[in-house]
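Trainee: Before we use these terms at the bench, could we go through what stands behind each of them?
Mentor: Gladly; let us look at the structure together and take the labels one at a time.

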Amino acid sequence: MSVLFINYPKCSTCVNARKWLEENKIEFESRHIVENNPTKEELKKFIALSGLPAKKFFNTSGILYREMNLKEKLATATEEEMVEILSSNGMLVKRPLVVTDKGVLIGFKKDKWEEFFK
């Protein structure tokens, strides 16, 4: 199974997630979310594969999210509009993201990751 690990290296949650992957000997391809932000097409695939609404892909604790007043905008935005916003800046995307052919993990919750990679 190929594992794409989309992360921001300065994010402590991403650092912990990377460490967990390495400790569990899970091979992965690492991708810097700001230098190589997911495209609209990728995001559409990730959202479909995750089975979650597009809204769950937003980094709601980020400064940019607050500066852009996205809480209000997302209340009435279509999925297409959300994908457009997410693809505009990697700092808007919740991280880390793990993408496999089996599914998508958003954020790092050790118990969910253990279950997913069983």
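**Terms and the values behind them**

Mentor: We can begin with Val 93, which has its place in the loop between α5 (79-86) and β3 (97-99). Keep in mind throughout that this is a predicted model.

Trainee: Why is Val 93 called buried?

Mentor: The word buried requires under 20% relative accessible area, and Val 93 has 0% relative accessibility, so Val 93 counts as buried.

Trainee: Which residues does Val 93 touch, not counting residues up to four places away in sequence?

Mentor: With that exclusion, Val 93 touches Ile 33, Asn 37, Phe 57, Asn 59 and Leu 86. Val 93 and Val 34, in turn, are 59 residues apart in sequence, while their C-alpha atoms are 9.5 Å apart in space.

Trainee: What makes the peptide bond from Arg 95 to Pro 96 worth a remark?

Mentor: That bond is cis, with omega near -5 degrees, and Pro 96 belongs to the loop between α5 and β3.

Trainee: How many aromatic pairs are there?

Mentor: The count comes to eight aromatic pairs. In one of them, Trp 20 and Trp 113 are 5.7 Å apart centre to centre, with 85 degrees between the planes.

Trainee: Why is the pair of Trp 20 and Trp 113 called edge-to-face?

Mentor: Two rings pair if their centres lie within 6.5 Å, and planes over 60 degrees apart count as edge-to-face; since Trp 20 and Trp 113 have 5.7 Å between centres and 85 degrees between planes, they satisfy both conditions, and the pair is therefore edge-to-face. This pair links distant parts of the chain, with Trp 20 in helix α1 (residues 12-23), Trp 113 in helix α6 (residues 110-116), and the two residues 93 residues apart.

Trainee: How do you know that Trp 20 and Trp 113 are buried?

Mentor: The limit is again under 20%: Trp 20 counts as buried because its relative accessibility is 6%, and Trp 113 is buried because its relative accessible area is 1%. The pair of Phe 116 and Phe 117 is also edge-to-face, at 5.1 Å centre to centre and 80 degrees between the planes, and both of these residues are buried. Trp 20, Phe 108, Trp 113, Phe 116 and Phe 117 form one aromatic cluster.

Trainee: What makes us say that the charged end of Lys 102 sits over the ring of Phe 116?

Mentor: The distance part of the rule asks for a charge within 6 Å of the ring centre, and there is a condition on the angle to the ring normal as well; the charged end of Lys 102 is 4.7 Å from the centre of the Phe 116 ring and is classed as sitting over it.

Trainee: Why are β2 and β4 called edge strands?

Mentor: Four strands form an open sheet of mixed pairing, in the order β2-β1-β3-β4. The strands β2 (29-32) and β4 (104-106) each pair on one side only, and they are the edge strands.

Trainee: How do you know that β1 and β2 pair?

Mentor: Pairing asks for at least two bridges between two strands, and strand β1 (residues 4-7) and β2 have four bridges, so they count as paired, in the parallel sense. Ile 6, for instance, has Arg 31 in β2 as its bridge partner. Helix α1 lies across β1 and β2, running at about 160 degrees to β1.

Trainee: Which residues touch the most other members of the largest nonpolar core?

Mentor: That core has 26 residues, of which Phe 46, Phe 57, Phe 58, Leu 74 and Leu 97 touch the most other members. Helix α5 gives the most to this core, with four residues. A second, separate core of 11 residues includes Ile 26, Val 98, Leu 105 and Phe 116.

Trainee: Why is Ser 50 called buried?

Mentor: Ser 50, in helix α2, has 18% relative accessibility, which is under the 20% limit, so Ser 50 counts as buried. Leaving aside neighbours within four places in sequence, Ser 50 is in contact with Phe 57 and Val 104.

Trainee: Why is Lys 25 called exposed, and Asn 69 partly exposed?

Mentor: Exposed means over 50%, so Lys 25, with a relative accessible area of 74%, is exposed. Asn 69 has 37%, which lies between the two limits, and is therefore partly exposed. Phi of Lys 25 is near 50 degrees, a positive value in a residue other than glycine, and phi of Asn 69, near 55 degrees, is likewise positive.

Note on methods
Residues are numbered from 1 along each chain as its sequence is written. This is a predicted model: local features need pLDDT of at least 70, side-chain atom pairs count only at pLDDT 80 or more; totals for chains, interfaces and linings use all residues. Side-chain values use heavy atoms; hydrogens and water are left out. Buried means under 20% relative accessible area, exposed over 50%, partly exposed in between (1.4 Å probe, protein chains only). Contact means heavy atoms within 4.5 Å. Rings of Phe, Tyr and Trp (its six-membered ring) pair if their centres lie within 6.5 Å; planes under 30 degrees apart count as stacked, over 60 as edge-to-face and the rest as tilted. A charge sits over a ring if NZ of Lys or CZ of Arg is within 6 Å of the ring centre and within 35 degrees of the ring normal. Axes are lines fitted to C-alpha atoms, for helices over the stretch in contact, and angles run from 0 to 180 degrees between N-to-C directions. A nonpolar core is a set of buried Ala, Val, Leu, Ile, Met, Phe, Trp, Tyr and Cys residues joined through side-chain atoms within 4.5 Å.
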